[in-house]
Amino acid sequence: MCSCGTDEGVATTIDQLFFRIELNIKELLDTDYRIRFNAQGTDSGGGGVSESIRDVFHQMDRVAHGAYIATCAQHAHNRPFQVAFETVLGQSGLTTNSLLQFLHTCWSIQDALGENFLPAWDQFVDDTGNHGSMLRLIKPLLTRWSYVTKCATAILDRWSDWDTFLEKIFMCTKTKEEKMARQCLGMRKDHKLKCELEFIVAFGKVFFTKHFEWLQRIDAHTKLAGFFSHEMLLHLAVMEIELADLQNSWSTSESFAGCMAVLDDLPLDERNDDGTLKRAGKETTMEQFSDFFKQYKQTFDNQFYRWKKKLAPLAIASSNSKAATIFAKWYIAKGEIEDSEDETDILDGCTVHINCKLTGKQWVAFLKTCDYSIDIVLQRHLDAVNEIASGSYLYEADSSENTTLFLHDVKRLFYIIPTVTQMVEAAVQESSLCSQSGKGEDDTSTVIVTRSFDVLPVLAELRRLSCTKKKGGNQHMKAGINGERTLRSDAAKRNDQMRSEKGKKPREQVHATKLKARSHMQHMIDTLPTKEEWDAVKRVNKKRKNGNANVPTKAKIPRIAKALQCYETAIGSTRKRAENILVVPVTTPDQFDGKFKITGFSKDVLKPYCNRELLARSVGAEETVTKAKAQLGRIERAKRQDPPSNLESMIWSDLKKSLECSKGGLWIQLLDETNKRELKTMFQMTKRGYVAPL
């Protein structure tokens with residue numbers, strides 16, 4: 001790993017790695033070989049592994065064919081949902097009563113109850129004998145928005161049952177479970193919460209989950225998951241069209257019928273005497289849902305833009321022959337293809353894009369929105385591209401010589417381009433499976449500790465061997481005895497001198513070598529329990545589970561039974577009632593509440609907006625946004641309780657602290673009518689990377 005933080009440093013580290021591999025290749029095969037890469041993979045943002053580092057690699061002669069740069073499609077699919085959800089429906093937080101916080105709180109109640117959750121659910125809800133029908137909620141991780149939709153769906157499917165369960169938990173507990181249950185019950189009394197939940201679940205079922213599962217598929221040609229770049233453009237067209245249809249007709253869609261039924265029953269917005277929003281109702285909720293699709297579409301376009309530019313030529317290798325033929329015509333015409341009136345579904349019977357629909361007319365219209373650029377690979381096989389445009393199929397067994405050579409380069413150069421670059425997904429999935437099997441976070445940590453128990457003896461053995469093995473300049477152990485460490489670099493000599501002066505010894509660090517792997521495997525073989533030992537452990541565990549008198553009394557079944565008995569006793573003796581809990585209104589994001597954070601006036605592009613607020617308060621405009629912001633802050637602080645005596649002479653940092661400590665904080669109510677209409681635009685301007693339109 002390289003932590004230098006520069007493109008040159010990262011490129012140099014990778015170049016040195018390639019150089020060592022090339023030396024080994026030369027030693028083994030007695031031939032010179034230069035490693036060059038054809039593709040780069042990155043997450044949705046790009047970070048430091050995009051065009052900037054590719055230019056550095058070009059100077060090092062490490063790039064072939066211009067190097068395609070592909071962003072992670074799963075990141076790109078998650079990001080629009082995250083932005084739209086948090087912007088329109090609110091973020092999570094201990095002091096925030098949002099839908100996202102409600103989902104987290106329900107999962108936290110489950111996690112706090114631990115092993116008692118499912119038995120308590122069976123006792124409080126499934127008391128008809130239908131035990132075991134409830135499954136544990138999946139933790140709504142904010143980095144994995146498919147988990148959020150799964151958690152929301154599980155709660156909505158048993159909405160009334162959760163009401164019963166939360167009431168019982170509120171009545172029978174006196175700790176954090178009671179506080180969390182109280183918050184959830186108060187939020188459930190605001191029907192806007194269920195309306196938002198219905199909306200998110202419907203959107204997840206009809207769009208998000210469907211395409212997220214497609215991104216996890218194993219491609220028939222590459223035989224791998226996450227390597228199907230040749231199918232991405234075609235599926236992106238399907239996603240864009242479906243998203244546009246949803247944005248225009250979601251309110252009349254059958255999938256959102258449950259959401260619209262709850263929305264129609266919501267009361268109208270409640271407003272204060274000055275016209276500000278007091279409690280969101282039907283109008284604001286409808287505005288939020290409409291804005292959800294706008295935010296989603298805007299972020300969606302930003303995340304997938306690469307696939308419509310430099311990566312568009314990969315679509316000629318699609319397994320759909322009709323789509324590939326139309327794309328070949330588009331490429332030959334240099335993007336100036338004629339409009340099509342073909343209304344037939346080109347995905348009919350397609351085994352790749354299942355349950356999707358795309359007409360020839362829509363595919364041509366979509367290609368016209370893509371940027372045409374000359375591709376080196378397609379230009380090299382232009383004859384094959386013309387054959388595909390004439391109706392030839394790239395994957396035909398008896399294809400021409402031109403098509404066969406083109407397919408060879410497609411497999412060599414296109415198939416290696418990663419579509420999904422989330423290399424840690426395997427570990428995340430393993431963690432999810434552990435949680436689903438009933439293990440909590442504490443038990444998962446115990447598994448890690450157990451693994452380290454196996455690793456420690458291996459490391460101790462390697463440290464013993466390091467005293468008798470000779471080490472090379474790279475600190476890797478080699479054959480031989482009585483070896484000494486040779487200090488070569490100036491930094492190593494300087495560090496050794498500093499240790500000597502302080503009387504410290506150098507810390508030994510075991511590196512990943514063949515010797516370490518061999519020692520680890522041998523340790524596992526030597527310590528592997530026998531079948532008789534495993535059977536003995538199983539017998540003891542079975543007795544502990546059943547509460548046998550010959551084993552310790554802390555058995556699982558008696559422990560849970562005792563806890564359930566305590567719950568029943570507490571319910572019978574408490575005076576707490578869920579109907580006495582007051583309604584907790586769902587938090588409405590500030591852009592729908594007519595408020596703006598005064599610290600948001602931090603860019604010159606927002607100076608006209610800040611001056612308009614000053615004029616609305618009968619104060620003259622200022623020359624700079626900094627002065628305008630400070631003047632607006634003094635006016636607002638003077639209106640609040642106990643204004644400081646030196647308000648007019650306070651600098652901005654002290655004024656900001658004074659506003660934060662007063663009631664209302666840094667938020668101000670907009671008075672200018674133009675600012676009220678353009679409030680969402682103002683919030684967009686405050687975001688990092690905002691570029692004003694020309």
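1. In this predicted model, helix α5 passes helix α23 in a right-handed crossing. The first of these helices, α5, comprises residues 117–124, and α23 comprises residues 556–573. Two packed helices are described by the angle between their axes and by the distance between those axes. For α5 and α23 the angle is about 45 degrees, and the axes lie 10 Å apart. The arrangement of α5 relative to α23 is therefore classed as oblique, because an angle of this kind falls outside the ranges for roughly parallel (under 35 degrees), roughly perpendicular (65 to 115) and roughly antiparallel (over 145).

2. The contact between the two helices can be stated residue by residue. On the side of α5, the contact is made by Pro119, Ala120, Gln123 and Phe124. On the side of α23, the participants are Ile560, Leu564, Tyr567, Glu568 and Ile571. By character, the residues of this contact divide into seven nonpolar, one polar and one charged.

3. Helix α5 is mostly covered, with six of its eight residues buried. The buried residues are Phe117, Pro119, Ala120, Trp121, Asp122 and Phe124. These buried residues pack against α23, and also against α4 (99–113) and α7 (159–172). Pro119, Ala120 and Phe124 are buried residues of α5, and these three residues also take part in the contact with α23.

4. A further buried position is Thr299, which is found in helix α12 (residues 282–303). Its relative accessibility is 10%, so Thr299 counts as buried, the limit for that class being under 20%. Leaving aside residues up to four places away in sequence, Thr299 touches Arg79, Pro80 and Val83.

5. Two loop residues deserve a reader's attention for their backbone angles. Lys223 is placed in the loop between α9 (191–214) and α10 (229–249). The phi of Lys223 is near 65 degrees, a positive value in a residue other than glycine. With a relative accessible area of 61%, Lys223 is exposed, since that class begins over 50%.

6. The second of these residues is Asn355, found in the loop between α13 (321–332) and α14 (360–367). Asn355 is not a glycine, yet it has a positive phi of about 60 degrees. The relative accessible area of Asn355 is 67%, and this residue is therefore exposed.

Methods
Residues numbered from 1 in each chain as written. Predicted model: local features only at pLDDT ≥ 70, side-chain atom pairs only at ≥ 80, totals over all residues. Heavy atoms only, no water. Axes fitted to C-alpha atoms, helices over the stretch in contact; angles between N-to-C directions. Helix = DSSP H or I, 4+ residues; strand = E, 2+ residues; numbered from the N terminus. Left-handed = near helix turned anticlockwise from the far one by under 90°. Contact = heavy atoms within 4.5 Å. Nonpolar A, V, L, I, M, F, W, Y, C, P; charged D, E, K, R; others polar. Buried < 20%, exposed > 50% of the residue type's maximum accessible area, 1.4 Å probe, protein only.
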